[in-house]
Amino acid sequence: MSAFTDHRDSDILIVSHFSLLLGCALPIWMSSGFNDRPLIPFAGILSLGIGDTMASMVGHKYGVLRWSKTGSGIVSVLAACSVLLPLLASTGYILTQNWFPLLIAVTTSGLLEAYTAQLDNAFIPLVFYSLLCL
């Protein structure tokens with residue numbers, strides 16, 4: 001697992017992996033009462049598994065400077081979610097009248113991913129979750 005560590009991790013404790021697990025699990029644990037909104041439990045998976053992964057892949061491959069990595073990361077989050085979410089809507093899993101809060105949640109999580117550095121993998125899914133609950 002040492003290949004996937006960053007500056008916050010040490011040899012004894014790897015914080016990045018715990019924050020990723022916590023970020024994916026917290027929305028599932030917190031969403032037991034929201035049966036009318038089926039996308040809410042997957043806030044961590046959407047923001048980290050789709051958004052964070054695409055932002056880091058595109059930013060690492062195509063971003064040269066810090067600003068260009070940020071811009072390309074945000075664009076890649078929006079692009080990935082604009083492909084995935086209509087696919088989910090075509091299966092009937094999400095309702096199309098909830099597009100605006102979903103767009104706000106995706107955009108906000110993309111911006112937060114670009115401009116936060118401390119435990120963003122645990123924090124961003126909670127923001128995404130709270131914006132979907134509105």
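Here is a walk through this chain, from its overall make-up to a few helix pairs and single residues.

Keep in mind that what you're looking at is a predicted model. The chain has five helices and zero strands, so the run of elements from the N terminus on reads simply α-α-α-α-α. There are 134 residues, and 40% of them count as buried. As for the surface, the chain exposes about 8100 Å², with carbon and sulfur atoms supplying 72% of that. If you take the contacts between residues at least 6 apart in sequence, 57% of them join residues at least 24 apart.

Let's move on to how helices meet. Two packed helices are described by the angle between their axes and the distance between those axes. Start with α1, residues 15-30, and α2, residues 43-62. Their axes come within 6 Å and cross at roughly 150 degrees. On the α1 side, the residues that meet α2 are L20, G23, C24 and P27; on the α2 side, their partners are A43, G44, I45 and L48. Sorted by class, that contact has six nonpolar residues, two polar ones and no charged ones.

Now look toward the C-terminal part of the numbering, at α4 (residues 99-115) and α5 (residues 120-133). Here the axes come within 9 Å, and the crossing angle is roughly 160 degrees. Angles over 145 degrees count as roughly antiparallel, which is why α4 is described as roughly antiparallel to α5. The crossing of this pair is right-handed. From α4, the contact draws on P101, L102, I104, A105, V106, T108, S109, L112 and E113. From α5, it takes in D120, N121, F123, I124, V127, F128, L131 and L132. By class, that gives 12 nonpolar, three polar and two charged residues in the contact of α4 with α5.

With the helix pairs in place, a few single residues are worth a stop. Which residues does D52 touch, once its neighbours within four places in sequence are left aside? D52 sits in helix α2, and its contacts are S47, E113 and N121. Two of these names should ring a bell: E113 of α4 and N121 of α5 both take part in the contact between those helices. Is D52 buried or exposed? Its relative accessibility is 15%, and the cut-off for buried is under 20%, so D52 counts as buried.

A55 is another residue of helix α2. With a relative accessible area of 12%, A55 is buried as well. Setting aside neighbours within four places in sequence, A55 is in contact with G73, S76 and V77. If you want a C-alpha distance to check in your viewer, try A55 to S72: they are 17 residues apart along the chain, and their C-alpha atoms are separated by 7.2 Å.

Finally, step out of the helices to S31, which lies in the loop between α1 and α2. Where does S31 stand on accessibility, buried or exposed? Its relative accessible area is 5%, so this loop residue is buried. Leaving out neighbours within four places in sequence, S31 is in contact with I40, P41 and Y129. The link to Y129 spans 98 residues in sequence, yet from C-alpha to C-alpha S31 and Y129 are 8.8 Å apart in space.

Conventions: Residues are numbered from 1 along each chain as its sequence is written. This is a predicted model: local features need pLDDT of at least 70, side-chain atom pairs count only at pLDDT 80 or more; totals for chains, interfaces and linings use all residues. Side-chain values use heavy atoms; hydrogens and water are left out. Axes are lines fitted to C-alpha atoms, for helices over the stretch in contact, and angles run from 0 to 180 degrees between N-to-C directions. Helices (H or I, at least four residues) and strands (E, at least two) are DSSP runs, numbered from the N terminus. Angles under 35 degrees count as roughly parallel, over 145 as roughly antiparallel, 65 to 115 as roughly perpendicular and the rest as oblique. A crossing is left-handed if the near helix is turned anticlockwise from the far one by less than a right angle, and right-handed if clockwise. Contact means heavy atoms within 4.5 Å. Ala, Val, Leu, Ile, Met, Phe, Trp, Tyr, Cys and Pro count as nonpolar, Asp, Glu, Lys and Arg as charged, and the others, Gly among them, as polar. Buried means under 20% relative accessible area, exposed over 50%, partly exposed in between (1.4 Å probe, protein chains only). Accessible areas come from the Shrake-Rupley method with a 1.4 Å probe; for residues, only the protein chains shown count as cover.
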